[in-house]
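Reader: I am new to this structure and would like a close look at one part of it, the salt bridges. Please set them against the rest of the model.

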Amino acid sequence: RGLYRTEEARAHFQRLTSSESAEERGWAWQGLATSPGPAGSSDRETAAALRKAIAAYPDYALAHTSLAGTEANMGHAEVALGETRIVTNLLGRSSIPDVDPAYLGTARAAWPLRGLSLSGDFAEAVRLARSGLDLPDQAGQHELMRLYILAALGQQHDGGAAREFLRQLPPSANLTTVGRRAVNRLRMEAAAESWTTVLALAAPTIAAVEDGRSRFVPKTWEK
């Protein structure tokens with residue numbers, strides 16, 4: 001068998017959607033949302049599955065934050081903001097049964113960031129993300145926090161601080177991380193209205209995303 005037994009996983013999740021447990025039904029729909037079918041999984045299909053997860057288990061914080069990201073991908077900023085506000089309220093409870101206590105601090109630092117950015121509270125986004133970087137890195141959330149800091153500094157038109165933050169990022173050989181950093185560097189420069197830099201970075205940024213062999217290195221970012 002192959003390394004990724006996606007069809008088997010989807011079949012298992014599908015069975016669990018009929019579970020008597022509301023929590024298990026929510027987890028099952030979340031699993032289907034993140035497990036692509038044979039033809040792939042569009043954001044629209046993912047959103048539909050996540051909405052079923054929430055219908056089964058309304059207080060499911062992970063489903064709400066996942067739906068916020070999916071709606072943002074489709075350009076639905078207001079819907080994404082609404083979902084993130086629900087997440088923030090859910091994370092404020094004294095007991096959150098669907099979040100591992102060991103992960104709760106990271107979730108509270110990472111999951112509200114989209115809403116803060118969408119509502120324009122960039123200073124709070126930077127503060128919260130920096131506080132999250134002091135916690136252990138779990139589920140790759142440190143990189144997410146770094147990208148939010150970079151974007152928020154750009155939105156505050158503080159290009160100098162954003163570039164300094166970028167120079168201090170730990171290097172990564174992961175092509176997905178490299179591509180995302182390249183895209184966020186471009187967005188940051190656009191937010192800071194550094195148009196000459198935007199034009200200079202456009203072509204290599206596209207190459208970093210489209211060609212897995214293209215890599216950005218710190219010297220490129222320091223220009």
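Author: What follows begins with the whole model, turns to the salt bridges, and ends with the nonpolar cores and the aromatic rings.

This is a predicted model, so a word on confidence comes before any detail. The mean pLDDT of the protein is 89, and 90% of its residues reach 70 or more. Helix H8 has the highest confidence, at a mean of 97, while helix H13 (residues 218-221) has the lowest, at 44. Over residues 213-223 the pLDDT stays under 50, and for that stretch the model has 19 contacts beyond four places in sequence.

The secondary structure comes to 13 helices and zero strands. The protein has 223 residues, of which 41% count as buried. Its accessible surface comes to about 12,300 Å², and 53% of that belongs to carbon and sulfur atoms. Among contacts with a separation of 6 or more, 52% are between residues 24 or more positions apart.

Now to the part requested. Side chains of opposite charge can pair when their charged atoms come close. A search of the whole structure finds nine salt bridges, and the account below covers some of them.

One of these is in helix H8, where Arg127 and Glu124 meet with N to O at 2.7 Å. Both residues lie within the span 122-133 of that helix, three residues apart, which is about one turn. Arg127 is partly exposed, with a relative accessibility of 46%. Glu124 is also partly exposed, with a relative accessible area of 25%.

Helix H9 (residues 141-155) holds a pair with the partners again three residues apart, about one turn of the helix: Arg146 and Glu143. The closest N and O atoms of Arg146 and Glu143 are 3.0 Å apart. Here both partners are buried, since the cut-off for that word is under 20% relative accessible area: Arg146 has 16% and Glu143 has 14%.

Salt bridges that share partners also join Asp59, Arg93 and Asp98 into one network. Within it, the side chains of Arg93 and Asp98 meet at 3.9 Å, N to O. A salt bridge is counted within 4 Å, so this distance qualifies. Arg93, at 23% relative accessibility, counts as partly exposed, whereas Asp98 is buried, with a relative accessible area of 8%.

Glu143 has a further contact to note. Leaving aside neighbours within four places in sequence, Thr177 is in contact with Glu143 and Ser172. Thr177 belongs to helix H11 (residues 175-191) and is buried, with a relative accessible area of 16%.

The nonpolar residues give the setting. The largest nonpolar core has 30 residues, and Leu91, Val99, Trp111 and Leu113 touch the most other members. The elements that give two or more residues to this core are helix H5 (77-91), helix H6 (101-110), helix H7 (113-118), H8, H9 and helix H10 (159-167). H9 gives the largest share, six residues. Helices H8 and H9 are thus named both for this core and for salt bridges described above, Arg127 with Glu124 in H8 and Arg146 with Glu143 in H9. A second, separate core has twelve residues, including Trp29, Leu32, Ala47 and Ile54.

Two residues show what such packing looks like in detail. Val99, not counting residues up to four places away in sequence, touches Ala61, Leu104, Ala107 and Trp111. Leu128 lies in helix H8 and counts as buried, at 12% relative accessibility. By the same way of counting, Leu128 touches Arg108, Ala109, Pro112, Leu113 and Leu116. The C-alpha atoms of Leu128 and Ala109 are separated by 5.7 Å, although these residues are 19 apart along the chain.

Last come the aromatic rings. The count of aromatic pairs is three, and Trp27, Tyr57 and Tyr60 form one aromatic cluster.

To return to the request: the salt bridges described include a pair in helix H8 with both partners partly exposed, a pair in helix H9 with both partners buried, and a network of Asp59, Arg93 and Asp98.

How values were computed
Residues numbered from 1 in each chain as written. Predicted model: local features only at pLDDT ≥ 70, side-chain atom pairs only at ≥ 80, totals over all residues. Heavy atoms only, no water. Phe/Tyr/Trp six-rings, centres within 6.5 Å; stacked < 30°, edge-to-face > 60°. Buried < 20%, exposed > 50% of the residue type's maximum accessible area, 1.4 Å probe, protein only. Helix = DSSP H or I, 4+ residues; strand = E, 2+ residues; numbered from the N terminus. Contact = heavy atoms within 4.5 Å. Areas by Shrake-Rupley, 256 points an atom, 1.4 Å probe, with all protein chains shown as cover. pLDDT = per-residue confidence, 0-100. Core = buried A, V, L, I, M, F, W, Y, C linked by side-chain atoms within 4.5 Å.
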